[in-house]
Amino acid sequence: MKCKYCQTETTEETAECNVCRYPIKGTEKEQASFVAKQIIQKREVEESYEKLKKARNILFIIGGFYIVFPFTPLSGTITQFAIIVSVILGAIFTIFAFLTYKSPLVAIGIPLFLTLAFYVVLLLINPMLLFKGLLWKIIIVSGLGYGFASVWKSNQILKENQYLASILRPGQS
């Protein structure tokens, strides 16, 4: 006898598949509910990967901006120290962008925290500095925050659903 969902061989007395947890001896309603839940969770995880790509792009944009901006005429007269700090920040954000697929929560969480900390420092130094470019700051924090929340939810789903994790992340379950 095979499981209707994952096609794993089971015995006649098996009530629930050992691999995917499909309710083999369940009612039609329980079986349909299981399949629907699997479809919804799979879609949520796939959407999370799309949001992760967007958060990764935001990290690349921030990194590139920090690296290039001090060398543009728009930056005005800035100190050498400010240039060094800006380039270092740009490098950090770019490195985290490259790490997003390897360790998504860390790669998005740390830059999000650094960005929020930077904005708090701006607020403490001079509140007017925080309001310059406020729309961009909101977009950056929203994009990173949305990506982080999405990846967090996806990780929770995959922790609870080992079968789905084995399908979507082969070799990592």
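**Close-up 1. Helix α3 has the span expected from its residue count.** Helix α3 covers residues 104-125 and holds 22 residues. At 1.5 Å a residue, the helix should span 32 Å, and its end C-alpha atoms are 32 Å apart, so the two values agree. The model shown here and in the other views is predicted.

**Close-up 2. Other helices help to cover the buried residues of α3.** The buried residues of α3 are Ala107, Ile108, Gly109, Pro111, Leu112, Thr115, Tyr119 and Leu122. What covers them includes α1 and α2. The cover also includes α4 (127-131) and α5 (134-160).

**Close-up 3. Phe60 and Phe98 form an edge-to-face pair.** A pair of aromatic rings is described by the distance of the centres and the angle of the planes. The structure holds 10 aromatic pairs. In the pair of Phe60 and Phe98, the ring centres are 5.0 Å apart. The planes stand at 85 degrees; an angle over 60 counts as edge-to-face, so this pair is edge-to-face. The pair links distant parts of the chain. Phe60 sits in helix α1 (residues 28-68) and Phe98 in helix α2 (residues 80-98), 38 residues apart. Phe60 is partly exposed, with a relative accessible area of 27%. Phe98 counts as exposed, at 56% relative accessibility.

**Close-up 4. Tyr66 and Phe93 form a tilted aromatic pair.** Their rings lie 5.8 Å centre to centre, with 40 degrees between the planes. Tyr66 belongs to helix α1 and Phe93 to helix α2, so the pair ties together parts that are 27 residues apart in sequence. Are these two residues, Tyr66 and Phe93, buried or exposed? Tyr66 is buried, and Phe93 is buried too.

**Close-up 5. Four aromatic residues form a cluster through ring pairs.** The members are Tyr5, Tyr22, Phe34 and Tyr163. Ring pairs link them.

**Close-up 6. Cys3 and Cys20 are not bonded.** A disulfide is a covalent bond between the sulfur atoms of two cysteines. With a cut-off of 2.5 Å between the sulfur atoms, the count comes to zero disulfides. What is the closest cysteine sulfur to that of Cys3? The closest one is in Cys20, at 3.6 Å, which is too far for a bond. Cys3 is buried, with a relative accessible area of 0%.

**Close-up 7. Cys6 is in no disulfide.** The nearest cysteine sulfur to that of Cys6 belongs to Cys17 and is 3.6 Å away. Cys6 counts as buried, at 16% relative accessibility.

Note on methods. Residues are numbered from 1 along each chain as its sequence is written. This is a predicted model: local features need pLDDT of at least 70, side-chain atom pairs count only at pLDDT 80 or more; totals for chains, interfaces and linings use all residues. Side-chain values use heavy atoms; hydrogens and water are left out. Rings of Phe, Tyr and Trp (its six-membered ring) pair if their centres lie within 6.5 Å; planes under 30 degrees apart count as stacked, over 60 as edge-to-face and the rest as tilted. Helices (H or I, at least four residues) and strands (E, at least two) are DSSP runs, numbered from the N terminus. Buried means under 20% relative accessible area, exposed over 50%, partly exposed in between (1.4 Å probe, protein chains only). The expected span of a helix is 1.5 Å times one less than its number of residues. Contact means heavy atoms within 4.5 Å.
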